[in-house]
Each structure stands twice: as C-alpha cells, then as structure tokens.
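Please find below some notes for a colleague who has not seen this structure before. They start from one side-chain contact and work outwards.

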Amino acid sequence: MSQIVRRLGVAPRHRGSTTGATCPDIFELADGNFAVIGTDVTDSLESQLPPDAARADYERIVVITRETLVKAKTDIPDA
C-alpha cells in the first residue's frame with residue numbers, strides 16, 4: 001500500500017471547515033498516484049457516466065468541492 005507524501009492545496013480548516021463535518025482533500029502518494037477524500041455519490045452519478053467511462057466494483061465516484069481543487073491547482077504537477 002502506498003504512503004501519503006503531501007497534501008495538495010490547503011488544509012480543510014483553511015477553507016472554512018471548522019467542525020470537520022466537510023473535509024474534502026487531495027493527497028499525493030509515494031507511488032505518484034493521488035488519493036481523494038470526497039463525498040461518495042456513486043449511486044446518484046453512475047447512471048450518468050458517458051458510454052466510454054466505467055467503474056470497477058472496487059471504485060467509487062466521489063465529489064470534492066471546486067474550492068478544494070482550485071486551491072490544489074498550484075500543487076498539481078504538470079507531468
């Protein structure tokens with residue numbers, strides 16, 4: 001299993017999450033992949049996937065806030 005190397009963007013508390021109730025986050029992993037904490041919306045969005053998209057049984061569709069991704073933009077590598 002890979003390890004978290006760093007957070008991309010700012011911590012949820014810097015985006016206004018003082019209760020921890022909503023804490024979307026993006027992390028870079030040691031193997032170069034990314035891990036995302038988001039709201040599981042698989043049941044509501046799976047039927048809307050385009051024909052050339054698919055989800056394996058072990059995968060979930062998650063939503064993060066726009067702010068989370070925008071704040072992480074400068075930390076996302078170009079390649």
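1. The side chains of Asp-25 and Arg-7 make a polar contact at 3.0 Å. This comes from a predicted model, not an experimental one.

2. Is Asp-25 buried or exposed? Its relative accessibility is 3%. Since buried means under 20%, Asp-25 counts as buried.

3. Arg-7 is one of several residues that Asp-25 touches. Setting aside neighbours within four places in sequence, Asp-25 is in contact with Arg-7, Val-10, Pro-12, Arg-15, Ala-35, Val-36, Ile-37 and Thr-68.

4. Asp-25 belongs to strand 2, which spans residues 25-29. This strand is mostly covered, with 5 of its 5 residues buried. In a regular strand, side chains alternate between the two faces of the sheet. Here Asp-25, Phe-27 and Leu-29 point one way, while Ile-26 and Glu-28 point the other way. The residues on both sides, Glu-28 among them, are buried.

5. Which strands does strand 2 pair with? Strand 1 (residues 4-8) runs antiparallel to strand 2 and is joined to it by 4 bridges. Within this pairing, Leu-29 of strand 2 has Ile-4 opposite it. Strand 3 (residues 34-37) is also antiparallel to strand 2, again with 4 bridges. There, Ile-26 has Val-36 as its bridge partner.

6. The link between strand 2 and strand 3 is a hairpin, with 4 residues between the two strands. Gly-32, in the turn, has a positive phi of about 95°.

7. For the wider setting, the protein has 2 helices and 5 strands. Read from the N terminus, the order of elements is β-β-β-β-α-β-α. Contacts between residues 24 or more positions apart make up 44% of those with a separation of 6 or more.

8. The C-alpha atoms fill a box of roughly 35 × 30 × 25 Å along the principal axes. The protein has 79 residues, and 22% of them count as buried; the residues of strand 2 are buried too. The exposed area is about 6000 Å², of which carbon and sulfur atoms supply 53%.

9. On confidence, the mean pLDDT of the protein is 89, and 92% of the residues reach 70 or more. Where among the elements is confidence lowest, and where is it highest? Helix 2 (residues 66-72) is lowest, at a mean of 90, and helix 1 (residues 42-45) is highest, at 97.

Note on methods:
Residues numbered from 1 in each chain as written. Predicted model: local features only at pLDDT ≥ 70, side-chain atom pairs only at ≥ 80, totals over all residues. Heavy atoms only, no water. Buried < 20%, exposed > 50% of the residue type's maximum accessible area, 1.4 Å probe, protein only. Polar contact = N/O pair within 3.5 Å; in protein donor to acceptor, adjacent residues only side chain to side chain. Contact = heavy atoms within 4.5 Å. pLDDT = per-residue confidence, 0-100. Pairing = 2+ DSSP bridges. Areas by Shrake-Rupley, 256 points an atom, 1.4 Å probe, with all protein chains shown as cover.
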